[in-house]
Amino acid sequence: MISSFFASPRWRTWGLWLLPVLLLVLASERPLSIPDEGRYAEVGRWMWMSGDWLTPRIDGIPFFHKPPLLYWFEAASMAVFGATPWAARVVVALHACVMLGLMVACVRHFAGAEVARRAGWVLGTSMTFLVAGQYVNTDMMVATWMGVAIWCFARAFMHQGGLHVNWARAGFVACALGVLSKGLIGLLLPGLVLFVWIAYTWQWRKILALPWVSGLLLFAAVALPWFVLAAREHPDMLAYMFGKHQFGRYTATTFNNARPWWFYGVAVTVLLFPWIFFVAADGVQRVRQRVLQQPSNDNGAWVALCWIWVLAILGFFSIPNSKLIGYALPVMPPLAVLAALWWQRHLASRAWSTWLFGALSLVGIGVASFANHYAGVFTLERSTRGVAQAVVCQVAPNDVLAVVDDYPYDVMFYAQRQRPIEVIQDWAREEQEAGDDWRRELMDGVDFDKPAGAALQPMSRLAELRTNEHAWVLAPRWRKAFRTETYAGFTEVYKDDAWILYRGSPSAAKSPEAAEQKSLRGCEDQRKK
């Protein structure tokens with residue numbers, strides 16, 4: 001069955017449409033991962049709820065780590081589908097589909113339909129597409145627009161009869177969308193790849209033929225308005241975003257996620273398993289041909305583009321101390337193409353190759369599905385999905401909801417709260433000691449909107465809340481800072497494996513166990529209604 005399915009060119013083409021369906025199904029199966037998915041989904045929900053499309057906010061506090069394209073799309077998606085994890089993930093999933101579809105279309109133009117179909121299955125059955133392709137953050141978005149820009153300019157430069165100006169204009173627009181996705185790398189990295197490729201293939205004259213005037217005008221029209229308006233509203237925003245979170249993260253050694261130089265070798269192996277081994281085989285063959293000065297059976301400019309694309313971007317991201325697996329996503333399309341090309345040359349003619357290709361596709365799907373399931377199980381260890389239901393059932397819209405000693409990025413999203421949660425900490429101490437974490441993230445945002453800083457409360461706030469029956473406090477079970485015996489008057493209302501919900505009121509005479517049972521019965525009654 002597998003053999004006959006992959007033996008038919010028509011089914012190999014139309015079967016690719018099943019992969020986006022599988023992607024959307026997987027996107028509905030797990031809770032929001034924290035911190036990333038909880039953070040980015042909540043920023044989009046807050047934008048949709050507040051109607052403020054200019055200033056990204058988390059807990060009402062400005063959040064200028066990234067430009068707003070992801071949040072705009074999320075807010076629009078939630079306006080259609082509601083504020084659900086799937087509505088946030090569908091934005092990323094559609095970008096993954098754009099990455100896959102344009103790659104197939106361009107490889108079909110450069111190398112033919114057979115290689116294009118194989119490249120589509122290689123990318124579409126990998127964790128790149130099926131897991132990272134529905135993970136809510138900016139990595140897949142910027143990787144997609146960087147890829148679109150590179151493919152568009154490549155089509156422009158390799159057009160028979162001279163440079164194709166409309167493909168080039170599309171490339172300028174893609175760079176602008178990349179900048180709106182994650183900042184300067186949306187422009188700099190496509191530029192780096194294309195510069196090295198143009199130098200390698202000696203196409204300097206075509207640079208003069210680029211539609212610079214119309215292209216730059218398109219770039220400016222798409223990319224610049226938000227930066228201008230946001231900087232006018234928050235004058236220090238550009239220095240913060242580009243200085244601290246672009247150049248600072250690239251050059252400093254004080255940010256999180258320090259990894260060794262070989263980290264991205266492991267990252268691409270995970271993201272493109274099991275197909276990455278065919279890329280390695282292609283690379284070994286090409287190095288051997290160079291060393292032995294053997295003629296290559298493919299010196300096409302587009303193959304050179306794929307290898308330059310991979311080496312330039314992985315080399316760029318290997319320099320800084322801070323490394324994340326998502327930074328490898330931009331090189332997945334050229335790696336998929338190189339794997340498909342090697343297969344087509346060395347294995348496609350074998351009688352058993354169709355069966356093997358189908359089996360490896362199923363292996364990739366199985367690995368991605370298992371990883372997606374395990375990610376959901378791991379997330380539940382600290383997810384607020386359970387306690388958020390108690391918040392919905394018990395906490396009135398105008399009640400005070402506070403949290404001690406952690407920031408649950410996902411609770412506001414799950415509970416659909418419309419007023420900020422109070423975050424109780426020793427903020428004077430945190431100002432001196434907090435590192436690259438949620439504390440610094442919230443404190444930095446207050447600099448852009450001082451009134452929003454009312455959400456950050458000192459530890460003395462607990463004394464006020466314990467006598468207020470309309471006050472509720474969340475505490476993580478894995479932390480030791482909060483105890484009811486220390487803050488008399490708080491009653492335990494709900495707890496699960498990760499979180500405890502307390503209520504303030506000295507008149508709450510019932511035992512914690514009775515209060516918890518009452519809370520759960522109330523939630524069940526409300527669900528039935």
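This is a short tour of aromatic pairs, cysteines, a buried strand and a few unusual backbone spots, to follow in your viewer. Keep in mind that the model is predicted.

**Stop 1: the aromatic rings**

Start by colouring Phe, Tyr and Trp. There are 31 aromatic pairs in the structure. A pair of aromatic rings is described by how far apart the centres are and by the angle of the planes.

Select Phe-110 and Trp-302. Their ring centres are 6.4 Å apart and the planes sit at 10 degrees, so this pair is stacked. Now show the helices: Phe-110 belongs to helix H6 (residues 85–111) and Trp-302 to helix H17 (residues 301–318), so the pair ties together parts that are 192 residues apart in sequence. Turn on a surface and you'll find that both Phe-110 and Trp-302 are buried.

Next, pick Trp-275 and Trp-343. The centres of these rings are 6.4 Å apart, but the planes are at 70 degrees, so the pair is edge-to-face. This one also links distant parts of the chain, 68 residues apart: Trp-275 is in the loop between helix H15 (263–271) and helix H16 (276–291), while Trp-343 is in helix H18 (residues 332–346). Trp-275 and Trp-343 are both buried.

For a group rather than a pair, select Phe-64, Trp-226, Phe-227, Tyr-240, Phe-242 and Phe-448, which make up one aromatic cluster.

Two arginines are worth a click here as well. Arg-39 lies over the face of Tyr-40, 5.5 Å from the ring centre. Arg-118 does likewise with Phe-357, lying over the ring face at 4.9 Å from its centre.

**Stop 2: the cysteines**

How many disulfides does a search of the whole structure find? The count is 0. A disulfide is a covalent bond between the sulfur atoms of two cysteines. Zoom in on Cys-175 and draw a distance to the sulfur of Cys-152: that is the closest cysteine sulfur, yet it is 9.1 Å away, too far for a bond. Cys-175 is buried, with a relative accessible area of 5%. Jump over to Cys-306 and you'll see another buried cysteine, with a relative accessible area of 0%.

**Stop 3: strand S3 and its partners**

Select residues 400–404, which are strand S3. Here 5 of the 5 residues are buried, so the strand is largely enclosed by the rest of the structure. In a regular strand, side chains alternate between the two faces of the sheet. Show the side chains of S3: Val-400, Ala-402 and Val-404 point one way, Leu-401 and Val-403 the other.

Now add strand S6 (residues 471–476), which runs parallel to S3 and is joined to it by 4 bridges. To find one of the matched positions, click Val-403, whose bridge partner in S6 is Leu-474. Then bring in strand S4 (residues 422–424), also parallel to S3 and joined to it by 3 bridges. Ala-402 stands opposite Glu-422 in S4.

**Stop 4: Glu-422**

Stay on Glu-422 in strand S4. Is this glutamate buried or exposed? At 11% relative accessibility, Glu-422 counts as buried. Look for Arg-461: a polar contact of 2.8 Å joins its side chain to that of Glu-422. Beyond its sequence neighbours within four places, Glu-422 is in contact with several residues, including Val-400, Ala-402, Ala-455, Gln-457 and Leu-465. Also try a C-alpha distance from Glu-422 to Leu-456: 5.9 Å separates these atoms, although the residues are 34 apart along the chain.

**Stop 5: backbone oddities**

Most peptide bonds are trans, and most residues other than glycine have a negative phi. The last few selections go against that pattern.

Go to Ile-34 and Pro-35, where the peptide bond is cis, with omega near 10 degrees. Pro-35 lies in the loop between helix H3 (18–26) and helix H4 (36–50). Then visit Phe-273 and Pro-274, joined by a cis peptide bond with omega near 5 degrees. Pro-274 is in the loop between H15 and H16.

For phi, select Trp-202, which has a positive value of about 55 degrees although it is not a glycine. You'll find Trp-202 in the loop between helix H11 (185–201) and helix H12 (204–209), and it is exposed, with a relative accessible area of 67%. Finish at Gln-416, where phi is also positive, near 55 degrees. Gln-416 is in the loop between helix H21 (411–415) and S4, and is partly exposed at 33% relative accessible area.

Technical notes:
Residues are numbered from 1 along each chain as its sequence is written. This is a predicted model: local features need pLDDT of at least 70, side-chain atom pairs count only at pLDDT 80 or more; totals for chains, interfaces and linings use all residues. Side-chain values use heavy atoms; hydrogens and water are left out. Rings of Phe, Tyr and Trp (its six-membered ring) pair if their centres lie within 6.5 Å; planes under 30 degrees apart count as stacked, over 60 as edge-to-face and the rest as tilted. Helices (H or I, at least four residues) and strands (E, at least two) are DSSP runs, numbered from the N terminus. Buried means under 20% relative accessible area, exposed over 50%, partly exposed in between (1.4 Å probe, protein chains only). A charge sits over a ring if NZ of Lys or CZ of Arg is within 6 Å of the ring centre and within 35 degrees of the ring normal. A disulfide is a pair of cysteine sulfur atoms within 2.5 Å. Two strands pair if DSSP finds at least two bridges between them. Contact means heavy atoms within 4.5 Å. A polar contact is a pair of N or O atoms within 3.5 Å; within protein, one must be able to donate a hydrogen and the other to accept it, and residues adjacent in sequence count only if both atoms are side-chain atoms.
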